[in-house]
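The following report looks at charged side chains and how they pair.

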Amino acid sequence: MIENIDLSLVDWSRAQFALTAAYHWIFVPLTLGLSFMLAFMETIYVKTGNPEWKRITKFWMTLFGINFAIGVATGIILEFEFGANWSNYSWFVGDIFGAPLAIEGIFAFFMESTFIAMMFFGWNKLSRKTHLISTWLVAFGANLSALWILVANAWMQYPAGMHFNPDTARNEMTNFWDVLFSPMAIHKFLHTITSGFVLAAIFVIGVSAWFLLKKREQVFSRRSMSVAAVFGLLTSIFLVVTGDFSSRTIARYQPMKFAATEALHTGTSNAGWTVFGIPSQTEETSMKIEIPGLLSFMTYYDRDAYVTGINDILEGNAAQGVMSAAEKIKRGKEARQVLKDYKDAKKNNDEPAEKRLRAKFDDPVFQEEYFKYFGYGFLNNPQSLVPNVPLTFWSFRVMVGLGFYFVVLFVVVLWLVFKDRLGKRRWLLWLMLLSIPLPYLAGQAGWVVAEVGRQPWAIQDYLPTAAAVSQIDAGAVQITFWLFAAIFTTLLIAEISIMLRQIKQGPKEI
Amino acid sequence: MFPVCYFNNVCTFERNKFFMNSHILYRVFKFYVDGFRSMTVGKTLWMIIGIKLFIMFVVLKLFFFPDFLKSNFDNDSERSEYVIEQLTK
C-alpha cells in the first residue's frame, strides 16, 4: 500500500498538521501558566488586602485575556484536519480519541463561558473570595482541558486500553483508566503543562524587566518578578524531573525515538550521554563529547545497563530480547492478511472461515504475537522505521539545554529580587527581556522530539502516517497549508501588537 | 413572598420559584451585558474572535475541510468497508 501513496500528499498533510499544532502551541502554554500565576497574585491580594496586588493581577489578567482570545479555538482546526486529511487514522482510532476530546470540549465550554466571564467581569460584582475561586477554577479548568488532549496524544505514542474490532475497522476502548493513566499520558501531561508554567514565569519576568529598563512601575515589576521567580524556579525544577521521567518512559515504550534523540546507532552497556557531536542519519556521531555511563545511568539507574541502539531495533538483538524489524514486518503483514481474509470471507459469505478468522481477533496470542505489529505490515524497508536522527537529536538538546538555563535564570532573578539589586544590573534585565522567546523555542523543540521522533507512526506500531492519510488531492492540502500559514501569522501579529500596546500602557490605576 | 392558592382553597404566602429563577437568569444576563459594556481592549478581541470563528467554521470547514468519510459515504457500514479496503489493499 505504501508504494501507492502519494508521498507529497503525506508530506503536505504532515506539514500542515505540524504548522497548525506549532501555532496552536504558541498560544496555549501562556494560558496554562499565566492562569496559575494570576491565581497566586490574586490570592496574595485577598490575603493582604493590598490594592497594589489587585492592580498587578488585573494587568496580567489583561495580557492573559489577549492571549486567550487570540488563541481560543485555534486547536479546532486540528480536528478539522483529522476528518479531512487523516480520515483513515480518525476512523481507525475510533472512540479512543472521541472520549477525551469530548471531555475536553465540555471542560473548555464550561470554563470559557462561566469562570472566565466571572474572572473578567466580576471584579466589582462578586465578593473577593468568590472572584478568587473563579480565578483558581479558570487555572484548573484550563489545565484539565489540556489533560484530555494530551491523553489523546499520549495514546498515539503508547496505545493502551483498547481492542480492535475487525468488523468496523475501529479501535474500541476497553479500559478508560488504562488510557487516562498510561505512563506516557501521566508524564506527557505533567511535563507539558509544567513547560507552560515555566514559559509564563519567564514571560512575566521579561515584561517586568522591560518596565525596570524603562524605569517605570518599580514596585509592580519587583512584586511581579518575585511571584514569577518563585513559581518559575519550583516549576522548572519539576520540569527537569518530569522530563527525566518522560525520557525513561520513552526508552521503554518508544526505543527507536529514544535512540534517535541520542543518535545512538549501536546499542551499548555503560552508554555515555552526548553533550555535543555531529549526528548522522546512518553513522555514529562524530566529534562526540560525552559523559561516560551517564545515559545508561539516567535511563536505568545503572551505569552498566544496556541502552538499545537504532541498529539493534533494525537488525534485532536476541541477547537483549530485541526483535528484528524484518520479523515485525513479517508479523505485521500476517496480521493484515488475516484482516483481508476476514473481509473476503464476509464478502463471500464463507461462514466457517469468517467465524475462524473473527475468533483470531479475540485471541490474546494473535493479539500479542501478530496484531501488536499490525502497522509494520505497511512497511517494506526497515530503514523507514528510523526518524530524522539529526533533527530529533538537536531538538532534544535545545529543549534540555534551555530547560537548565531557565533554572539558572530563575535562581538569578530570585537572588536579585531578595537582594534588591534588580535595577543595578541592566544587562541582566536585558537578558530577562530577551529570554521571552526561549521557552517558546524549547516548547516547540519538545514537540519536534515527540512527533518527529516517533515517525513513521501516526499510532505507534499500529498505523504509519502514510496509511493514515485521506486519499485527497495533495494540491488542496498545499493550498490550505498556505492559507493557515497566512491566518495564523495574522493572528500572531495581532496578538503581539495588541499585547505590546497594553504593555506600553502599563497597569492602570485602580 | 407571593400568595399561592391550592385546590382546597387554602392560600399561603410562598416564595415564587419561577420569579426567583427568572430573577437569577436576569442577574446572570445583566452580569454579562454589563461586563461586555465595560470592556475596553475586550471589544477588539471579541471582534477578532468573531472574525476568526467565522473564517474557521464557515469558510474553512465548509469549503476546505469537509469530513472525507462523511461526505463520500452514506453510512458507517460503507465507511468501515472503505477503511478496511484501505488498510488491506
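Helices (H or I, at least four residues) and strands (E, at least two) are DSSP runs, numbered from the N terminus. Arg426(A) belongs to helix α17 (residues 426–434) of chain A. This is a predicted model, in which local features need pLDDT of at least 70 and side-chain atom pairs count only at pLDDT 80 or more, while totals for chains, interfaces and linings use all residues. Residues are numbered from 1 along each chain as its sequence is written, chains are lettered from A and ligands numbered from 1 in the order in which they are written, and side-chain values use heavy atoms, with hydrogens and water left out.

A salt bridge is a side-chain nitrogen of Lys or Arg within 4 Å of a carboxyl oxygen of Asp or Glu, and by this rule the count over all chains is 19. Among them are these pairs:

| Pair | N to O distance |
|---|---|
| Lys125(A) and Asp34(B) | 2.6 Å |
| Arg397(A) and Glu262(A) | 2.7 Å |
| Lys340(A) and Asp344(A) | 3.4 Å |

Lys125(A) lies in the loop between α5 (95–121) and α6 (128–157) of chain A and Asp34(B) in helix α1 (residues 17–37) of chain B, so this pair joins two chains. Burial is graded by relative accessible area (buried under 20%, exposed over 50%, partly exposed in between, with a 1.4 Å probe and protein chains only). Lys125(A) is partly exposed at 43%, whereas Arg397(A) is buried at 10% and Glu262(A) is buried at 5%. Lys340(A) and Asp344(A), four residues apart in helix α13 (residues 325–347) of chain A, are separated by about one helical turn.
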